[in-house]
Amino acid sequence: MDYFEPKTLREAVSLLARYGEKAKVIAGGTDVLVDMKFKEEPLCLVNIKRIPGMSYIREEKGSLRIGALTPIREIETSSVVRQKLPLLWESAHQFASLQIRNTATIGGNVCRASPSGETLAPLLVLEASAVARFSKGEKKLPFTELFLGPGKTLLGAKGLLREIEVPLPSKESRGAYLKHAVRGAMDIAMVGVAVLVTPDGGGKKARDVRIGLGAVAPTPIRAKRAEKALRGKAMARALVEEAARIAASESSPISDQRSSAEYRRWIVETLTRRGLEQSWRAVTGKEIDG
Amino acid sequence: MSLNIRLVVNGTRHRAKIEPSLSLLDFLRDTLGYKGAKICCNTGECGACTVLFNGKPVNSCVVLAADAAGAEIVTVEGLAEGGRLHPVQQAFIDTAAVQCGYCIPGFIISVKALLDRTKNPTPEEIEEAVSGNICRCTGYTKIIDAIQIAARQLQGSTGLTSKARS
Ligand SMILES: Cc1cc2nc3c(=O)[nH]c(=O)nc-3n(C[C@H](O)[C@H](O)[C@H](O)COP(=O)(O)OP(=O)(O)OC[C@H]3O[C@@H](n4cnc5c(N)ncnc54)[C@H](O)[C@@H]3O)c2cc1C
Ligand code: FES
Ligand code: FES
């Protein structure tokens, strides 16, 4: 196995350009090292941890910029994230054990592109973008287009994630991230649901509703039809229940050792409803009525 | 292909030639002989291999040894001072929070890290701190007791025992 510790992004992407599919990027290594032990070693390992200045959380022009090498634990303990992106904070907080959170990076979570990746549904709902470096230059890839399938992103074999840019949601908006797993945070999510609700001026109607679903399709997805059913409407109980059913119908989960597809759909419905209820309660201080 | 690394383990400097795919756990146990970090699941699930990496608890089985170049590592062997056990170790013995013992070095390191972060942990903080450590024997109750006793012990002392090293 060839092994490199590039010191700059330029050096890293030129290695990826040279080795193509034969190269594997390693950041925290919590996914890659397990694969290397139990599947196979890559022909070339590109360890990006020695590239300086890639672990940071910065507020800039209405966005939070998070370096790809930022550990999940840094996100969890960041007061800016907790204040301004509570949805992302919640997913970092529910992410595996402390030991894993100290090692795993957010860039690795995104590039792994696991449908159950903890931070993905929240980032999708927050309409984040991935800033990726290729040998020809940089591209900003919206999360809504980034994921192609399990383990597959627009970065391909030659792109390197440098930064995640998260626009700060409107101050009146409130959200929730709900994870269903057997062993709580330690476990991979059976279903993860991220909800973000922005009320209109009067606080009666939902100006904007975003619903992200994790672990129930080949990629994390937005439940677009459910969102549409709620947008601009007064949040009444029957409508919220209907939207939750629509969200479940938009998911296409698989059956595996963790649970059956039918069970997952049922959990999507329940968590979406709860997420909407919680978010609305946080927005208005009241329960949804009617 | 191999590479040369230098690092500090329990205050002792080491240099070694390693394979780049080697895990920090295999490196500590097999190359340097620190057998206190235990190998169990080898996939980051159980916490038996927990060590401090620049003061923070990590599962050494899912960390590259290469990433430890220039770092300071602490294993359970590094906690006793001059033949005196660390208060966390002593509390585990005093409460008999140990049965087969295999998981214990990992717990001790997680708890040491917790008490380095806060002298007065809440029950939630205690639970969070050891949620990545699995014990198949004790049922955890006595482990939680031990953590509370160790915390009280460290509050009572000058705090030097744990602070001096981190
Ligand atoms: C015990 C255990 C529990 C876990 N629990 C959870 C959980 O609860 N939730 C969850 O979401 N995940 C969980 N995971 C999975 C894993 O920890 C996360 O996916 C983590 O965020 C991966 O980050 P890393 O830095 O360790 O990535 P690595 O393993 O280094 O890399 C992951 C993937 O991303 C690629 N990559 C990394 N960084 C970049 C970059 N900057 N540019 C391009 N490609 C890159 C790598 O090539 C690889 O394909 C768990 C893993 C373990 C071992
Ligand atoms: S041996 Fe490392 S976590 Fe189990
Ligand atoms: S004492 Fe046996 S596993 Fe914990």
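A backbone N or O atom of A:E118 lies 2.7 Å from an oxygen atom of ligand 1, and this polar contact is a convenient place to enter the structure, which is a predicted model. Two further contacts of this kind can be traced from the ligand: an oxygen atom of ligand 1 is 2.8 Å from an N or O atom in the side chain of A:K24, and an oxygen atom of ligand 1 is 3.2 Å from a polar backbone atom of A:A96. Taken alone, ligand 1 exposes 980 Å², of which the protein buries 94%.

Looking outward from these contacts, the reader will find that ligand 1 lies between chains A and B and that 32 residues surround it, the closest being A:V25, A:A27, A:T30, A:D31 and A:T105. Sorted by class, this shell is made up of 14 nonpolar, eleven polar and seven charged residues. Several elements of chain A take part in it, since β2 (23-26), α7 (106-112) and β10 (160-167) each supply at least two residues of the shell, and the largest share, five residues, comes from α7(A).

Helix α1 of chain A, which spans residues 9-19, has A:L9, A:A12, A:V13, A:L15, A:L16 and A:Y19 as its buried residues. Seen down the axis of α1(A), these buried residues fall within an arc of 150°, so they line one face of the helix. The face turned away from that buried side carries the exposed residues A:R10 and A:R18. The cover over the buried residues of α1(A) includes β1 (2-4), β2, β3 (44-47), β6 (129-134) and β10 of chain A; of these strands, β2 and β10 have already appeared among the elements that contribute to the shell around ligand 1. After α1(A) comes A:G20, whose phi is positive, near 55°.

Further along chain A, the loop between α7 and α8 (120-125) holds A:S116. Is A:S116 buried or exposed? With a relative accessible area of 16%, A:S116 is buried, because the cut-off for that class is under 20%. Leaving aside residues up to four places away in sequence, A:S116 touches A:I188, A:A189 and A:A215.

The loop that follows α8, between that helix and β6 of chain A, contains A:E127, a residue other than glycine whose phi is nevertheless positive, near 55°. A:E127 has a relative accessible area of 38% and is partly exposed.

Chain B also has a residue other than glycine with a positive phi, namely B:Y140, where the value is near 75°. B:Y140 is found in the loop between α4 (123-129) and α5 of chain B, and with a relative accessible area of 29% B:Y140 is partly exposed.

Helix α5 of chain B, made up of residues 141-156, contains B:Q155, which counts as partly exposed at 38% relative accessibility. Which residues does B:Q155 touch, not counting those up to four places away in sequence? They are B:K119 and B:N120. The second of these partners, B:N120, stands 35 residues apart from B:Q155 along the chain, and the C-alpha atoms of the two are separated by 7.6 Å.

Terms used:
Residues are numbered from 1 along each chain as its sequence is written. Chains are lettered from A and ligands numbered from 1 in the order in which they are written. This is a predicted model: local features need pLDDT of at least 70, side-chain atom pairs count only at pLDDT 80 or more; totals for chains, interfaces and linings use all residues. Side-chain values use heavy atoms; hydrogens and water are left out. A residue is near a molecule or strand if one of its heavy atoms lies within 4 Å of it. A polar contact is a pair of N or O atoms within 3.5 Å; within protein, one must be able to donate a hydrogen and the other to accept it, and residues adjacent in sequence count only if both atoms are side-chain atoms. Accessible areas come from the Shrake-Rupley method with a 1.4 Å probe; for residues, only the protein chains shown count as cover. Helices (H or I, at least four residues) and strands (E, at least two) are DSSP runs, numbered from the N terminus. Ala, Val, Leu, Ile, Met, Phe, Trp, Tyr, Cys and Pro count as nonpolar, Asp, Glu, Lys and Arg as charged, and the others, Gly among them, as polar. Buried means under 20% relative accessible area, exposed over 50%, partly exposed in between (1.4 Å probe, protein chains only). Contact means heavy atoms within 4.5 Å. The arc is that of the directions from the helix axis to the C-beta atoms.
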